[in-house]
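User: I'm new to reading protein structures. Could you walk me through how to read the features of this one?

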Amino acid sequence: MDVLDDIRTGVNRGGTYGLFGAPEQFMHHARALGARFVRVNLFWSQVEPEPGVFDWGAVDTLVDQIEEDDEVWVTVCAGSPWGTRRATRFLPASPAKEPATYERFVSALVRRARGRVRFWQCEIEPNIPMLWSGAPDDYLAHLHTFHQAVKQVDPRALVALGGAVPSVMTGDEQGGGAGWISYFDRVLAGARDRFDVFDIHPYGDPYQIPAMIDACRRLMDAHGYCKPVVASEFNGPMPTGFPGNLPYLIEALAAHRRQALGETAIPEGGPLESKAQPGVAALYERMDELPETLQMFLSGCSPELEAKRFRMSGRDIVTRTLLLLAGGVRRTAVFQLAPESPHEADTRTTRALMFGTFALTDYDGEEVGRRRPTAATVELLSHHLRGVTEVHRIDMAGAPDVYLFDIRREPLGPLIVVWRQPADFSTEDEPSVHFDWPWPLPCAHAVDAFGAEVPMKIADGRIRLPLSGTPVLIS
């Protein structure tokens with residue numbers, strides 16, 4: 001029997017929670033967006049800053065916010081200034097100096113949240129040296145200790161394997177994909193009894209999601225087992241998704257590649273201590289000369305370009321979510337609910353360039369709460385997916401660029417979502433095509449990904465409407 005007996009969509013809080021500032025109340029904002037699944041990252045350094053000395057501030061603040069229908073996922077990062085081979089309070093995580101010490105820490109953490117947290121993940125993305133300093137065999141041993149600690153304290157909890165992700169941030173998706181497959185093939189060979197779900201973080205080209213899911217399942221099948229695939233982190237687009245941007249990103253991406261490969265260190269203070277990187281600072285200095293598809297990712301771009309980027313992101317969130325659900329993924333979480341901290345970080349860094357536009361809300365003073373336009377899309381999609389039990393993509397013979405999904409919901413009625421894959425993601429004025437599909441009911445309601453009514457006609461048991469690159473939800 002599948003350990004995931006329902007489908008839940010939700011949000012990822014962000015890279016940290018309470019590590020670089022006071023942990024805040026945020027779960028009510030996640031619920032307001034319709035999220036029924038929330039991921040949070042916690043670090044060894046913040047929970048046990050000294051050997052045997054525990055600070056439960058962030059853990060208790062999180063646990064006290066959890067309500068009965070919430071499902072919570074905690075990713076545990078082994079960044080410690082005293083307990084790990086590489087001393088750090090942040091990243092990269094690394095193997096514990098003494099596995100028994102790490103096991104006691106994980107046991108204490110799970111015990112503190114027992115029954116309130118369903119998923120416990122061992123590290124973020126262990127195939128990326130920036131986030132995990134260790135070989136696959138190191139991670140396997142680390143995972144074994146983690147799994148043992150979690151299951152002894154809370155046998156009903158589920159253990160998640162660290163997330164697999166192509167190296168899309170370097171603009172080298174093909175090579176990055178081969179790298180993560182090689183890494184996780186070695187991990188999966190020895191991890192059969194050490195995890196319950198396999199996590200993926202499908203950034204990059206959203207239309208590669210089905211292939212990524214298939215690759216994960218083939219890897220597990222090659223080792224004689226199959227575990228559920230989940231996606232606790234994703235969003236888009238990124239600047240690297242536009243080929244015309246790449247010549248301008250050479251220096252910025254080279255610096256990021258060095259950091260991703262562990263050749264240069266991440267600041268101990270995280271984003272708040274990150275200094276301007278020359279390659280990104282240079283982009284700001286010549287901002288007006290850049291393609292609009294790159295300008296829109298820079299802080300301070302024109303309101304028109306910012307609005308366009310928000311529209312692109314809204315379409316992207318719907319696209320990724322539906323492709324994941326149609327691929328059998330039963331847990332999804334959009335990255336990220338809010339920035340890491342209410343205090344402003346320097347935007348002239350590659351991290352800010354790549355991820356800074358993804359937040360669904362901003363801080364209002366010291367509190368999370370002020371919504372960005374993409375939050376409305378997440379809420380709209382969550383509303384339409386209430387009670388979802390099945391999602392299937394319907395093959396449109398003769399129209400491979402049309403993406404049509406049949407969605408079953410209980411007790412709600414039928415829902416279909418449809419859009420046309422744009423030939424150019426940067427163009428919003430591509431001509432629409434005519435969509436004609438059987439519809440046995442006498443009425444229907446159609447809105448696009450932004451909540452705008454879509455004109456349609458129902459006649460002779462069919463529904464007809466114009467179709468573009470913006471997903472339309474018909475119920």
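Analyst: Let's start with a term we'll need: two strands count as paired if DSSP finds at least two bridges between them. Keep in mind that this is a predicted model. Here's a case: strand β1 (residues 8-12) and β8 pair in the parallel sense over five bridges, and T9 has T332 in β8 as its bridge partner.

User: What holds paired strands together in general, and which strand pairs with β8 over two bridges?

Analyst: The general idea first: strands of a sheet pair through backbone hydrogen bonds, and they can be parallel or antiparallel. In this structure, strand β7 (residues 229-234) pairs with β8 in the parallel sense over two bridges. There, A231 has T332 as its bridge partner.

User: In what order do the eight strands of the barrel come?

Analyst: The eight strands close into a barrel in the order β1-β2-β3-β4-β5-β6-β7-β8, with parallel pairing. From one strand to the next, the twist averages 30°. Take one pair as an example: strand β3 (residues 72-77) and strand β4 (residues 119-122) run parallel and are joined by four bridges. Within that pair, T75 stands opposite Q121 in β4.

User: Are the faces of β8 covered or uncovered?

Analyst: Here the cut-off helps: a residue is buried when its relative accessible area is under 20%. Five of the five residues of β8 (residues 331-335) are buried. One side carries R331, A333 and F335, the other T332 and V334, and both faces are covered.

User: Which strands does α4 lie across?

Analyst: α4 lies across β2 (38-43), β3 and β4, and runs at about 155° to β4. You can read α7 in a similar way: α7 lies across β5 (158-164), β6 (197-200) and β7, at about 145° to β6.

User: Now helices against helices. At what angle do α7 and α11 pack?

Analyst: For a helix pair, look at the angle, the distance between axes and the residues in contact. Helix α7 (residues 209-222) packs on α11 at an angle of about 35°, with the axes 9 Å apart. Their crossing is right-handed. On the α7 side the contact is made by I209, P210 and I213, and on the α11 side by R320, L323 and L324. By class, that contact has five nonpolar, no polar and one charged residues.

User: And how do α4 and α5 cross?

Analyst: The axes of helix α4 (residues 99-112) and helix α5 (residues 136-153) come within 9 Å and cross at roughly 35°. This crossing is right-handed. Among the residues that meet are Y102 and V106 in α4 and F146 and V150 in α5. By class, the contact of α4 with α5 has eight nonpolar, five polar and two charged residues.

User: Why do some residues along a helix point the same way?

Analyst: An α-helix has 3.6 residues a turn, so residues three or four places apart point the same way. You can also check a helix by its length. For the 24 residues of α11 (residues 303-326), 1.5 Å a residue gives an expected span of 34 Å, and the end C-alpha atoms are 35 Å apart, which agrees. As for cover, 18 of the 24 residues of α11 are buried. Just after α11, G328 takes a positive phi of about 90°.

User: Where is T374, and is it buried or exposed?

Analyst: T374 sits in helix α13. With a relative accessible area of 1%, T374 is buried. Leaving aside neighbours within four places in sequence, T374 is in contact with F310, S313, G314, I317, A359 and L360. Other buried residues of α13 include A375, V378 and L381.

User: One last sheet: in what order do the strands of the open sheet come?

Analyst: Three strands form that open sheet in the order β14-β17-β16, with antiparallel pairing. β14 (433-438) and β16 (457-459) stand at the edges with a single partner strand each, so one side of each has no neighbour in the sheet. The twist averages 25° from one strand to the next. β14 pairs with strand β17 (residues 462-467) over six bridges in the antiparallel sense, and P438 stands opposite R462 in β17.

Key
Residues numbered from 1 in each chain as written. Predicted model: local features only at pLDDT ≥ 70, side-chain atom pairs only at ≥ 80, totals over all residues. Heavy atoms only, no water. Expected span 1.5 Å × (residues − 1). Buried < 20%, exposed > 50% of the residue type's maximum accessible area, 1.4 Å probe, protein only. Axes fitted to C-alpha atoms, helices over the stretch in contact; angles between N-to-C directions. Left-handed = near helix turned anticlockwise from the far one by under 90°. Contact = heavy atoms within 4.5 Å. Nonpolar A, V, L, I, M, F, W, Y, C, P; charged D, E, K, R; others polar.
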